[in-house]
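This report covers charged pairs, one helix packing and the end of the chain. The structure under discussion is shown here.

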Amino acid sequence: MRRSTKLAAVVLSGSLGIASLAACGAKSTDDTTASAGASGDSGIKVGMAYDIGGRGDQSFNDSAARGLDKAKADLGVQITEADAKTGEAEADKETRLKSLVTGGYNPIIAVGFVYQSAVEKVAKDNPNVKFAIIDSASSTQPANVTSLTFSEQEGSYLAGVAAANKSKAKHVGFIGGVQSELIKKFEAGYVAGAKSVDPNIKVETTYLTTPPDFSGFSSPDKGKEAAQGQLDKGADVIYAAAGSSGSGSIEAVSNKPGTWAIGVDSDQASQPALSKYKNVILTSMVKNVDTAVYTYIKSIKDNAPLTGVKNFDLKAQGVSLATTGGHIDDIKAKLDAATTAITSGATTVPTAP
């Protein structure tokens, strides 16, 4: 974790995972850390509060962290980062946000729907502080909160198309970290994409936990067990939208020759911690949280802050499929056709199973 020195924007993270930060610095109170911008002082302090799993989850949080790192390098902002804890109370989230407000951080970006209630409350009490939240667009948010959302169902549809084209058993699987409305978007898109290729394909679905238990985003052992169960039933391509739990799913797949894993949020085949599994990662549904984080911070620096709801869809390159390893090169034409159908409006991807 890192310690900070000048103004900041806080980014709270959260659909899939939170771990430790990968940069130098001492740990501060309330699990908040920061580091100074390397390229000068822009007069902006940027803070990021991660969801469970944090920096180092090889997935959702790491994508958010990349956006923060880019803002630090390119825009000269100073940054602060805060971790969440598995099983923490709602009051802990509020305390974390209040601490950032007290520390002078403005704006504060909350990356993760689990922060919705806390953001609403703290933002309402601090109308002069700008907040952003990733993966939530509540109609009751105060005017000083900006929503940064994604069309996860569209990227997941492409993952389903890839899975169905690569499955020899015509039997694929989906693992969701936490059974929430957000993760159901991943499931809905994946199933629709797979069935667009083969209406009769069999799709296994497993959720690791249900709210208020969010440990499904940070339990690789649960991910591994769920994937093994699906493999035992005959699935040969498994897509896990489960934060760091997904690494367990990928590990299980690596132990069964002839099967594929599909990663999520980050290009997981290129993640150092998952390098030994890269040959079994067919592709990853990349959710460009880094783009959203960087775009929001830049809008603050440019004195033209994003407001309301900013959605990053397939057309805006908010979601995409990774091509690392070349494993989907042979079906590129089919994926391109599916992409065009979505971006042209010919195909409308469902958001619920």
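In this predicted model, the side chains of Glu88 and Arg96 form a salt bridge, with N and O 2.7 Å apart. A salt bridge here is a side-chain nitrogen of Lys or Arg within 4 Å of a carboxyl oxygen of Asp or Glu. Side chains of opposite charge can pair when their charged atoms come close. Glu88 is buried at a relative accessible area of 16%, and Arg96 is buried at 2%. The classes are buried for under 20% relative accessible area, exposed for over 50%, and partly exposed in between (1.4 Å probe, protein chains only).

Residues are numbered from 1 along each chain as its sequence is written. Because the model is predicted, local features need pLDDT of at least 70 and side-chain atom pairs count only at pLDDT 80 or more, while totals for chains, interfaces and linings use all residues; side-chain values use heavy atoms, with hydrogens and water left out.

The structure holds 16 salt bridges. Three of them are listed below, including the pair already described.

| Salt bridge | N to O distance |
|---|---|
| Glu88 and Arg96 | 2.7 Å |
| Lys166 and Asp330 | 2.9 Å |
| Glu204 and Lys202 | 3.9 Å |

Lys166 and Asp330 pair through their side chains. This salt bridge links distant parts of the chain: Lys166 lies in helix α4 and Asp330 in the loop between β14 (319–321) and α9, 164 residues apart. Helices (H or I, at least four residues) and strands (E, at least two) are DSSP runs, numbered from the N terminus. Lys166 is buried, with a relative accessible area of 19%, whereas Asp330 is exposed at 58%.

In the salt bridge of Glu204 with Lys202, the distance refers to the closest N and O atoms. Glu204 is buried, at 11% relative accessible area, and Lys202 is partly exposed, at 48%. Elsewhere, Asp135, Glu152, Lys185 and Lys287 are joined into one network by salt bridges that share partners.

Helix α4 (residues 152–166) also packs against helix α9 (residues 332–343), at an angle of about 150° and with the axes 10 Å apart. Axes are lines fitted to C-alpha atoms, for helices over the stretch in contact, and angles run from 0 to 180 degrees between N-to-C directions. The two helices are therefore roughly antiparallel, a class that takes angles over 145 degrees. On the α4 side, the contact (heavy atoms within 4.5 Å) is made by Glu154, Tyr157, Leu158, Val161, Ala162 and Asn165. Helix α9 contributes Lys334, Leu335, Ala338, Thr339 and Ile342. By type, the residues of this contact divide into seven nonpolar, two polar and two charged. Ala, Val, Leu, Ile, Met, Phe, Trp, Tyr, Cys and Pro count as nonpolar, Asp, Glu, Lys and Arg as charged, and the others, Gly among them, as polar.

Pro353 is in the segment after α9 and is exposed, with a relative accessible area of 64%. Leaving out residues up to four places away in sequence, Pro353 touches Lys184, Glu187 and Ala188. The C-alpha atoms of Pro353 and Glu181 are 9.9 Å apart, with these positions 172 residues apart along the chain.

For the chain as a whole, there are nine helices and 14 strands. Of its 353 residues, 59% count as buried. Among contacts in the chain with a separation of 6 or more, 74% are between residues 24 or more positions apart.

Definitions and conventions:
Parallel < 35°, antiparallel > 145°, perpendicular 65-115°, else oblique.
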